[in-house]
Amino acid sequence: MTNYGRDLFLYMPPTGDEASFAQCGACRLFVPPAKGEKSGHCVIHGSTLKVDADASCGLFVAWGDDGPSEAVIGANREELAKGDPKAVTPQESGFLAAKVQCHRCKHFEAKTSGCDFFAFLNKQVPSNFKVDTRVEPHACCNAWVAATRKAPKPRNWYGKKES
Ligand code: SF4
Ligand code: SF4
């Protein structure tokens, strides 16, 4: 039997500016608002979806050590200006107009900096899961669920909406 780890959920420890990690504004696929625009866009979600810097999705890609590249952003802006069809839909990517990260997730245990979802999997399905339950507050994964009632209800890891 395979013992799955947290990479199955695309767990990502924070890099760069921790406060903005895993949010669109820190993603190399984000195209910031042009002059006169209120919202930005995402090159893989196409030119019709408005995307704010505080949104997120499961396809987040951090910039490298050199930080944001104006050349890359410019090329992505040009692609969008052509009216590029989207490569993914918000449903496919798990797009959320919400601030994410572990410390805003209902599975986060602040006292131990642990993830109770990962602990649940280890306990309930030990034949398949051996997940490191220690997580960093500014990390994130695709199993994120809003900790507050005000935040939008995301899809959970197996694709059903949280009730
Ligand atoms: S929607 Fe996803 S892929 Fe697009 S900019 Fe935001 S985090 Fe990156
Ligand atoms: S606390 Fe939430 S976002 Fe963080 S690893 Fe656990 S399920 Fe993923």
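## A buried valine after α3

Val 131 is buried, with 23 other C-beta atoms within 10 Å of its own; the cut-off for a buried residue is 20 or more, so Val 131 meets it. The model in which Val 131 is placed is a predicted one. Val 131 belongs to the segment that follows α3. With neighbours within four places in sequence left aside, its contacts are Gly 5, Arg 6, Phe 118, Leu 121 and Asn 122.

A further distance places Val 131 relative to Cys 115: the two are 16 residues apart along the chain, and their C-alpha atoms are separated by 9.7 Å. Cys 115 is also among the residues that come nearest to ligand 2.

## Confidence of the prediction

The mean pLDDT of the protein chain is 90, and 90% of the residues score at least 70. Strand β1 (residues 30–31) has the highest confidence, at 98, whereas strand β3 (residues 46–51) has the lowest, at a mean of 94.

Residues 151–163 stay under a pLDDT of 50. For this stretch the model has 25 contacts beyond four places in sequence. Where pLDDT is low, predicted coordinates should not be read in detail.

## Domains

The domain assignment divides the protein chain into domain 1, comprising 1–16 + 101–163, and domain 2, comprising 23–93. Contact between them involves four residues of domain 1 and four residues of domain 2. On the side of domain 1 that touches domain 2, one residue is nonpolar, three are polar and none is charged.

## The largest nonpolar core

The largest nonpolar core contains 33 residues, and Cys 102 and Cys 140 have the most contacts inside it. Elements giving two or more residues to this core are β1 and α3 (116–124). The largest share, three residues, comes from α3. Both domain 1 (1–16 + 101–163) and domain 2 (23–93) contribute residues, so the core lies between them. In soluble globular proteins, nonpolar side chains tend to be buried together.

Beyond its neighbours within four places in sequence, Cys 140 is in contact with Met 12, Ala 22, Val 100, Gln 101 and Cys 102. Cys 102 thus appears both in this contact list and among the residues with the most contacts inside the core.

## Surroundings of the two ligands

Ligand 1 is surrounded by 15 residues, of which Cys 24, Cys 27, Phe 30, Cys 42 and Cys 57 are the closest. This shell comprises twelve nonpolar and three polar residues, with no charged residues.

Around ligand 2 there are 14 residues, and Cys 102, Cys 105, Cys 115, Cys 141 and Trp 144 come nearest. The shell of ligand 2 has 13 nonpolar residues, one polar residue and no charged residues.

Cys 57, one of the closest residues to ligand 1, lies in the loop between β3 and α1 (70–81). Cys 57 is buried, with 23 other C-beta atoms within 10 Å. Leaving aside neighbours within four places in sequence, Cys 57 is in contact with Ser 93, Gly 94, Phe 95 and Leu 96. Cys 57 and Ala 146 are 89 residues apart in sequence, and their C-alpha atoms are 13 Å apart in space.

## Loop residues on either side of β4

Gln 101 is found in the loop between α2 (90–93) and β4 (108–109). Its phi is near 85°, a positive value in a residue other than glycine. Gln 101 is buried, with 23 other C-beta atoms within 10 Å, and it is one of the contacts of Cys 140.

The loop between β4 and β5 (114–115) contains Ser 113, and Ala 110 is also found in the loop between β4 and β5. Ser 113 is not a glycine, yet it has a positive phi of about 50°. With 15 other C-beta atoms within 10 Å, Ser 113 is partly exposed. Ala 110 has 9 other C-beta atoms within 10 Å and is exposed; the cut-off for an exposed residue is 12 or fewer. The C-alpha atoms of Ala 110 and Phe 9 are separated by 20 Å, and these residues are 101 residues apart along the chain.

Methods. Residues numbered from 1 in each chain as written. Chains lettered and ligands numbered in written order. Predicted model: local features only at pLDDT ≥ 70, side-chain atom pairs only at ≥ 80, totals over all residues. Near = placed C-beta within 6 Å. Nonpolar A, V, L, I, M, F, W, Y, C, P; charged D, E, K, R; others polar. Domains from an automatic or database assignment. Contact = placed C-beta atoms within 7 Å. pLDDT = per-residue confidence, 0-100. Helix = DSSP H or I, 4+ residues; strand = E, 2+ residues; numbered from the N terminus. Core = buried A, V, L, I, M, F, W, Y, C linked by C-beta atoms within 7 Å.
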